[in-house]
Structure formats: structure tokens, C-alpha cells
Amino acid sequence: MGNTLLEIGTIHLRRQAPSAAAEVLMRVKELGRSSHRLHRALAEALMMQEKYEEAIAELHCALKLKADVAEDHYRLGIALDRLGNYDKAVEALKKAIELEPREVVYHQSLGFTYESIGRRKDAIKCFKRAL
């Protein structure tokens with residue numbers, strides 16, 4: 001049943017229905033299930049609803065299960081940035097870049113975070129790397 005609900009939750013995500021996705025995915029967690037895919041999907045649904053603190057908790061769970069997924073570090077960085085936790089956002093975005101150095105959006109996002117904290121020279125370097 002948990003796998004079926006996980007599939008339903010991801011379908012809701014693809015259909016841009018984050019609250020329905022989160023509801024179904026939370027039911028999967030209530031069944032005692034835990035997987036990287038579950039935590040990642042739930043984090044995505046929560047971020048789409050701007051529930052960044054909850055998304056951060058789910059991303060930490062996902063990263064405990066699979067620490068080498070660049071996109072999870074990227075999403076963590078974005079969520080931390082949205083909450084104004086720029087130092088931790090920088091750490092997460094740098095980790096994403098370390099894992100996937102050719103991903104343009106990671107460099108751009110780190111640049112925007114640097115810009116938010118007044119580190120313009122660092123921001124420019126990131127934007128240049130994105131080109």
C-alpha cells in the first residue's frame with residue numbers, strides 16, 4: 001500500500017498539486033515507511049507550498065539516506081536561502097556544485113545567495129561560471 005501511495009503522491013506532484021501530494025506522502029510516513037524517494041518528494045511538495053522549515057527537515061532525512069544527491073543539496077540551499085539562513089544555504093549550494101560542477105542553475109543560485117548577503121565579487125564569479 002505504501003508504494004502505491006508514494007506513486008499517487010508523485011503523480012500529484014507532476015500535476016502541480018502540492019497539497020494533495022503532501023497529504024498522500026504524509027500518509028506513507030504514517031505507515032512507517034521511509035525512503036529517499038519519499039522524503040525527496042515530500043520536500044518538493046512542501047517547498048511548492050512555501051513550507052520551507054518542513055521541507056528542510058525532509059531534505060535532511062533524504063540526505064541521511066543518500067548523501068551524494070546534488071539536487072537534494074541544491075533544494076536544501078534554496079529552502080535555507082528563502083528562510084534567510086544564508087550561511088547554511090551557501091554550504092548546501094557549494095556541496096551541490098561539488099557533486100555536479102557543470103549544473104548551471106547551482107552556480108546561479110549560489111550567486112544569488114551571495115548577492116543577498118552583499119558578497120558581490122563572489123556572486124559575479126558564480127554567474128561567470130554559469131555562462
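This passage looks at the salt bridges of a predicted model and at helix 3, which carries some of the residues involved.

Side chains of opposite charge can pair when their charged atoms come close. In this model the count comes to eight salt bridges. One of them joins R40 to D72, with the closest N and O atoms 3.2 Å apart. R40 sits in helix 3 (residues 36-48) and D72 in helix 5 (residues 70-82), so this pair ties together parts of the chain that are 32 residues apart in sequence. The two partners differ in how much surface they show: R40 comes out as partly exposed, at 23% relative accessibility, while D72 is buried, with a relative accessible area of 0%.

A second pair runs between E44 and R75, where the closest N and O atoms are 3.3 Å apart. Here too distant parts of the chain are linked, since E44 belongs to helix 3 and R75 to helix 5, 31 residues apart. E44 is partly exposed, at 27% relative accessible area. R75, at 15%, counts as buried, because the cut-off for that label is under 20%.

Then there is the pair made by D122 and R119, whose closest N and O atoms are 2.8 Å apart. Both ends of this bridge are partly exposed: D122 has a relative accessible area of 22%, and R119 has one of 35%. As for how bridges connect to one another, shared partners join R40, E44, E71, D72 and R75 into one network.

Back to helix 3, which supplies R40 and E44. With 13 residues at 1.5 Å a residue, helix 3 should span 18 Å, and its end C-alpha atoms are indeed 18 Å apart, so the expected and computed spans agree. An α-helix has 3.6 residues a turn, so residues three or four places apart point the same way. The buried residues of helix 3 are H36, L38, H39, A41, L42, A43, A45, L46 and M47. What covers these buried residues includes helix 1 (2-14), helix 2 (18-30), helix 4 (52-65) and helix 5. Helix 5 therefore appears twice in this account: it is part of the cover over the buried residues of helix 3, and it holds D72, the salt-bridge partner of R40. Just past the end of helix 3, E50 takes a positive phi of about 60°.

Key
Residues numbered from 1 in each chain as written. Predicted model: local features only at pLDDT ≥ 70, side-chain atom pairs only at ≥ 80, totals over all residues. Heavy atoms only, no water. Salt bridge = Lys/Arg side-chain N within 4 Å of Asp/Glu carboxyl O. Helix = DSSP H or I, 4+ residues; strand = E, 2+ residues; numbered from the N terminus. Buried < 20%, exposed > 50% of the residue type's maximum accessible area, 1.4 Å probe, protein only. Expected span 1.5 Å × (residues − 1). Contact = heavy atoms within 4.5 Å.
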